[in-house]
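User: I would like to learn how to read helices in a model. Can you take me through a few of them?

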Amino acid sequence: MSPPTQTPQTTPGLNVIALISGGKDSLYSILHCIRNGHKVVALANLYPSTSRQAVSTAAKDSHEDPKKEEDEEEEEDIDSFMYQTIGHSVIPLYEAALGIPLYRAPITGDAVDTSRIYRHNAADQMAEEPESANEENKQHRQDETESLVPLLRRIKAAHPEANAVSAGAILSTYQRTRIENVASRLGLVPLAWLWQYPLLPAPAERSALSAVSSVMGDAGLLEDMAACGCEARIIKVASGGLDERFLWEDVSSADGALRRRIVNGMRRFAAPGDLRGAVLGEGGEYESLALDGPGFLWRSRIEVCETEVRTGEGGVGYVRLKGARCVPKTAMEGDAITLESVRRPMLLDEAFARVLEDVQSASGSYGGETLAGSISAGRIKCEPRQLRNGGIWHICNITAPEAGTEAAEQMKGIAGKIRTILQSSTNVPRGTEDIVFATVLLRSMADFASMNDTYVSLFKKPNPPARATVACGDELPEGVNVMVSFIVDLGDRDSRQGLHVQSRSYWAPANIGPYSQAMSIPLRGVERVVYIAGQIPLEPASMQMVCDSAPTEERSWLSDYSLRAVLSLQHMWRIGAAMQVDWWLGAVAFITGAENIAAKARVAWHIWETMNSQSDDESVDEEESMFDVWDIKYGRRAQEQTTKATVSAPIPNFEVLRSSGATPPFLAVQVEELPRASDIEWQGLGYRCDGLELNAEETDQGRTTRTVTEQKAGYTIVETDMEKSESDLKSALQQILAAHTVTSALTHAVIYTTKAFPLESWPGEVVPCKSVWGHKGRRLAAGIIFQSLES
């Protein structure tokens with residue numbers, strides 16, 4: 001079986017404004033825009049306002065005349081937190097070199113807002129402040145980031161078709177969140193094709209070489225640039241691993257000699273987890289200037305007639321440029337480089353590709369039987385409930401059928417109720433910015449858009465809560481079209497960590513909307529709980545549902561479903577790695593459809609069990625470090641970063657397991673519909689800690705799996721068997737309630753069950769569903785989760 005690759009773009013392409021600095025990454029990102037079916041309609045650049053170019057550049061709507069700049073000597077760059085400015089005198093040449101209109105503006109203001117997340121403390125991160133704005137918001141208007149706003153508005157006026165903006169962000173949250181904020185305010189889709197690129201699986205063309213050559217892996221992005229004929233020269237060095245001998249060398253040369261020197265130089269200074277970022281210059285180790293690329297983009301190449309190496313303070317070396325000019329290419333130049341030469345990462349990480357192949361090769365072992373058995377009596381009530389302990393407030397089952405029959409009306413009623421509840425909090429009143437996770441249950445997914453219009457109004461700050469949204473159909477109580485449960489963090493707001501990537505990339509689906517990929521809050525000591533948003537199998541680059549690429553006649557329900565199940569779980573895994581999750585407390589796989597439900601549950605279990613198994617040859621891989629190299633260098637908030645080692649262990653991190661262990665608990669929950677008509681959505685709860693115990697046993701109430709951490713945080717799943725009689729089931733449930741809910745340590749209680757259930761009420765969250773499946777794909781009467789924090 002050939003490994004899955006990126007899905008071709010089938011929807012209409014975007015019209016992109018490309019932000020360029022002259023550096024290798026911003027110009028290489030343009031190639032990926034084109035490779036993914038989009039059109040670049042304009043180039044945008046910000047330059048130092050002190051430059052002599054301010055006079056000549058003010059006029060574009062006047063495009064620059066490149067000849068005016070040919071004889072000017074390169075001026076020193078400014079120390080911008082946000083923009084590369086060295087080499088700025090060459091920027092006007094890109095218009096002729098690429099044949100794309102260039103618009104420029106001076107950088108105004110300074111790095112006023114140096115928080116890792118832009119506008120983190122603003123009342124409304126998306127608001128445009130009036131002239132009478134308060135002092136805090138005036139500061140935001142003076143931040144250098146705001147220089148982008150008038151420039152992009154000017155381009156949109158000249159190119160009304162423009163609907164997206166691309167940038168070359170790779171590892172910098174500082175840079176990415178600022179571009180995303182501006183893009184969202186202007187109605188542009190943000191594109192960051194290189195986001196997390198060093199951590200993604202190598203493109204097929206490079207994968208075999210990367211496996212045998214550490215240099216090929218550590219300098220993978222530069223290798224991919226070289227493969228499509230890019231030329232980018234180092235014009236500044238600022239690292240102990242690099243000196244003046246590296247200046248004006250080509251980082252994407254065909255022979256790769258310079259890349260080997262950079263990798264070897266960086267190994268002496270960079271921490272292992274930061275090496276790949278350092279090799280790309282992500283920490284300011286060096287700056288580059290793009291001079292050439294494949295002929296389908298570059299009509300001309302840029303030549304610099306004269307260079308002079310100079311030395312600055314602190315061992316900084318740089319190149320002064322003079323006499324830059326465009327030289328048209330001949331018809332023969334670049335003929336061998338095609339659009340397909342622009343490499344894209346493989347869709348699946350190696351471990352997930354292996355489990356997919358394993359699942360598809362065992363297609364006959366899952367069975368396809370129809371559902372059998374049911375519970376005949378009773379209906380569990382979905383009543384509003386609240387649980388509070390250990391800094392966590394769980395507000396459950398909020399509905400508003402009295403507000404009207406439409407989902408939008410009911411969501412407005414729910415919004416009013418949650419605001420009132422939060423304001424009534426004793427000690428310190430809370431607001432919607434304190435919500436870290438939401439479960440939204442709809443009667444029909446057709447109501448998603450109308451519900452979401454009101455839901456988005458609840459959250460004005462960066463990093464809105466993570467969220468899972470499913471449609472339960474007629475399993476919801478009569479008259480209820482929307483039911484929402486919230487988890488509220490009562491702790492220090494500055495101690496929270498969020499992940500809200502809104503840019504399209506190859507990494508994981510962009511969250512363009514009112515929910516984050518993940519929210520992490522501290523519990524006790526070094527331990528943190530990480531709420532992961534529900535993940536559906538969107539191919540990240542296209543944001544389309546993935547499907548098996550085999551010919552239709554060769555495909556089965558399993559080939560498509562297994563690929564989607566694996567990809568959506570990989571999304572959850574990558575998000576967990578970004579948040580430094582050590583262990584999964586548990587996961588729920590929401591599944592849909594009228595056929596093969598039992599088999600779908602078993603497939604999901606197989607994937608979950610395999611990915612949580614410890615292999616004999618398992619070793620620590622280089623995973624993402626939460627140390628943001630740009631933020632540490634420029635953001636001045638390094639004290640906010642975690643003190644854990646910069647090389648994260650893979651998930652699961654078996655070094656924290658203090659028991660013989662078992663597979664972390666799992667539920668497969670059949671619902672009516674999922675977003676985008678998906679047939680699976682994974683939602684997980686991650687944990688960061690130094691140690692935990694995991695034990696499972698079969699009891700009279702059902703299989704019970706309990707996780708207890710060193711700081712006495714508990715997570716228990718009880719799987720109540722389907723085979724029990726109604727009286728035995730009711731007795732078992734009463735025993736479960738007595739064992740787990742009569743305690744002040746309880747922080748969270750949720751039950752997944754069908755609407756016909758022999759229990760009148762439940763002390764926590766209720767998720768009514770069509771069927772529930774547990775360990776090894778066994779059908780259950782209910783899946784019950786308790787979380788606690790012992791004193």
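Analyst: What follows covers helix length, burial and packing in this predicted model.

User: How far apart should the end C-alpha atoms of helix α15 be?

Analyst: The expected span is 1.5 Å times one less than the number of residues. Helix α15 covers residues 557–578, so its 22 residues should span 32 Å, and the end C-alpha atoms are indeed 32 Å apart. Helix α13, residues 407–423, can be read likewise: its 17 residues reach 24 Å from first C-alpha to last, close to the expected 24 Å.

User: How many residues of α15 are buried?

Analyst: Buried means under 20% relative accessible area. In α15, 21 of 22 residues are buried, so by this cut-off the helix is mostly covered. After α15 comes Q580, whose phi is positive, near 60°.

User: Which residues of α13 are buried, and what do they pack against?

Analyst: An α-helix has 3.6 residues a turn, so residues three or four places apart point the same way. The buried residues of α13 include A407, Q410, M411, I414, I418, I421 and L422. Their packing partners are β10, β11, β12, α14 and β14.

User: How do the axes of α12 and α16 cross?

Analyst: Angles over 145 degrees count as roughly antiparallel. The axes of α12 (residues 350–361) and α16 (residues 597–611) come within 10 Å and cross at roughly 140°, which makes α12 oblique to α16. The crossing is right-handed. On α12 the contact uses A351, F352, V355, D358 and V359, and on α16 V603, H606, I607, T610 and M611. By class, these are 7 nonpolar, 2 polar and 1 charged residues.

Definitions and conventions: Residues numbered from 1 in each chain as written. Predicted model: local features only at pLDDT ≥ 70, side-chain atom pairs only at ≥ 80, totals over all residues. Heavy atoms only, no water. Helix = DSSP H or I, 4+ residues; strand = E, 2+ residues; numbered from the N terminus. Buried < 20%, exposed > 50% of the residue type's maximum accessible area, 1.4 Å probe, protein only. Axes fitted to C-alpha atoms, helices over the stretch in contact; angles between N-to-C directions. Parallel < 35°, antiparallel > 145°, perpendicular 65-115°, else oblique. Left-handed = near helix turned anticlockwise from the far one by under 90°. Contact = heavy atoms within 4.5 Å. Nonpolar A, V, L, I, M, F, W, Y, C, P; charged D, E, K, R; others polar.
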